Structure formats: C-alpha cells, structure tokens
Amino acid sequence: MAEIKDPENTILMELTNGTVTIELLPDVAPKHVARMKELVRLGSYNNVVFHRVIDGFMAQTGDVANGNMENDFNISRAGTGGSDMPDLPAEFSKIPHARGSIGAARSASPNSANSQFFINFGDNDFLNGQYTVYGMVSSGMEHVDKLTRGEPPTSPDRMISMKVAADDA
C-alpha cells in the first residue's frame, strides 16, 4: 500500500482482490471530494457494483441508489441512479484523465454529477475538460485492472467497502 500523506483526503477502496488507495484532490474539485467523503462515511458505497467496465477505457461504479448488491439489486438498474443529495456543479481543471484518475460520471449535463465515478484504465485525453477529475489511484491499480468487463458485466465486481483513511486508525 502507498504511503498516505493526507489521511483526510485519502480513500481506501476494498475490492475482492485487494485495496485500492485513492488520493483525493480537494484543491482541484472541493465539492466532488466533499461528496465522496460524505458518501464514504455514510457507508453508501459499500457493496456497490462496477456496472460498466470497458476494456482499455474505464471502470464505472458509485450508483448508491441502485447498485448495492445487498439491497434489492437488479443489474439492469445499476448505473441509473445517484444519491439523494443534489447534483454537483462541474469542477473542470487542467488535470488530465490519465491512467488511474478518478472522474465524476454524469449525464449529458455538465452539472449532473452526483455519486457515480469512474477510474480510467488508460490515458483518456478526449475526456479532458468534459468531466471533473477529483482523485488519483496511488496504489492498487492492478486490482482495478482485474475487474470483470461488461456493460453491465455478467458477474460484476463490487466495492466491498470504502473508508476515509483518517477514520481507519
């Protein structure tokens, strides 16, 4: 696991095959960072599936309304919802959608991000300036690389749990 420099802005995502450490970027996208930490602390991301995993592109998850595999789960609805909190305004920056970056998933409206996010498998520069980047995988990308592919996957992987590192002491 990577050295944790800022525990309050570091997320520990537990997958079946290991821990993914995500360094959040509060100076770049403070509203998106605050939302992720709030949902993590509520336990909202626990058991939520990766409902869209496209080889060479990205892995999408975070539908806290319809993606929890232990709460009336239906894979065809995963990816259609968010949280009960209001949508977030875009926080575009010059940070590129590079391998391991965390991007805010949204609908056609730039100001519609809510709880869903994606992890880029590669450098997806065509997303730059179109989607908010608010974190970066600092270790464990090899675990993300092993996620089951599909839109949706037949047997989707899930986030077993997510924690803010500062709370994990």
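**Figure 1. The largest cavity holds about 50 Å³ of space.** Welcome to this predicted model; our tour opens inside the protein. The structure has 1 cavity of 30 Å³ or more. Its lining is made by His32, Arg35, Met36, Tyr45, Leu88, Ala104, Asn114, Ser115, Gln116 and Tyr134. Which element gives the largest share of the lining of the largest cavity? Helix α1 does, with 3 residues. Keep Gln116 of the lining in mind, as a later view returns to this residue.

**Figure 2. Nine strands form an open sheet.** To find your way across the 9 strands, follow the order β8-β3-β4-β6-β5-β7-β2-β1-β9, in which the pairing is antiparallel. Which strands are the edge strands? They are β8, residues 158–159, and β9, residues 161–164, and each of them pairs on one side only. Helix α1, residues 30–42, packs on this sheet. The helix touches β1, β2 (18–24), β5 (101–104), β6 (117–120), β7 (133–139) and β9, and its direction makes about 120 degrees with that of β9. In general, the strands of a sheet pair through backbone hydrogen bonds, and they can do so in a parallel or an antiparallel way.

**Figure 3. Strand β1 pairs with the edge strand β9.** Here we look at β1, which spans residues 10–15. How many bridges join β1 to β9? There are 4, and the two strands run antiparallel. To pick out one partnership, look for glutamate 14, whose bridge partner in β9 is serine 161.

**Figure 4. Strand β6 pairs with both β4 and β5.** On one side, 4 bridges link β6 to β4 (residues 58–61), and these strands run antiparallel. Glutamine 60 stands opposite phenylalanine 118 of β6. The pairing of β5 with β6 is also antiparallel and has 3 bridges. In this pair, isoleucine 102 has isoleucine 119 of β6 as its bridge partner. As a rule, side chains in a regular strand alternate between the two faces of the sheet. In β6, Phe117 and Ile119 point one way, while Phe118 and Asn120 point the other way. Are these four residues buried or exposed? Phe117, Ile119, Phe118 and Asn120 are all buried.

**Figure 5. Glutamine 116 sits in the loop between β5 and β6.** This is the residue promised earlier, one of those lining the largest cavity. Why is glutamine 116 called buried? Glutamine 116 has a relative accessible area of 9%, and buried means under 20%. Its side chain makes a polar contact of 2.8 Å with the side chain of glutamine 60. The side chain of glutamine 116 also reaches the backbone oxygen of glycine 81, at 2.7 Å. Leaving aside neighbours within four places in sequence, glutamine 116 is in contact with His51, Gln60, Thr61, Gly62, Asp63, Gly79, Thr80, Gly81, Ala104 and Ala105.

**Figure 6. Histidine 143 of helix α2 meets a distant part of the chain.** Helix α2 covers residues 141–145. Histidine 143 counts as buried because its relative accessible area is 13%. Although histidine 143 and glycine 18 are 125 residues apart along the chain, their C-alpha atoms are separated by 6.2 Å. Which residues does histidine 143 touch, not counting those up to four places away in sequence? They are Leu15, Asn17, Gly18, Thr19 and Val20. With asparagine 17 there is a polar link to look for: its backbone oxygen lies 3.1 Å from a polar atom of the side chain of histidine 143.

Notes. Residues are numbered from 1 along each chain as its sequence is written. This is a predicted model: local features need pLDDT of at least 70, side-chain atom pairs count only at pLDDT 80 or more; totals for chains, interfaces and linings use all residues. Side-chain values use heavy atoms; hydrogens and water are left out. Two strands pair if DSSP finds at least two bridges between them. Contact means heavy atoms within 4.5 Å. Axes are lines fitted to C-alpha atoms, for helices over the stretch in contact, and angles run from 0 to 180 degrees between N-to-C directions. Buried means under 20% relative accessible area, exposed over 50%, partly exposed in between (1.4 Å probe, protein chains only). A polar contact is a pair of N or O atoms within 3.5 Å; within protein, one must be able to donate a hydrogen and the other to accept it, and residues adjacent in sequence count only if both atoms are side-chain atoms. On a 1 Å grid over the protein atoms alone, a cavity is a set of points where a 1.4 Å probe fits but cannot get out, and a pocket is an open set with protein on both sides within 12 Å along at least five of seven lines; lining residues have an atom within 4 Å of a point. Grid points are joined across faces, edges and corners, and a volume is the space filled by probe spheres set on the points.
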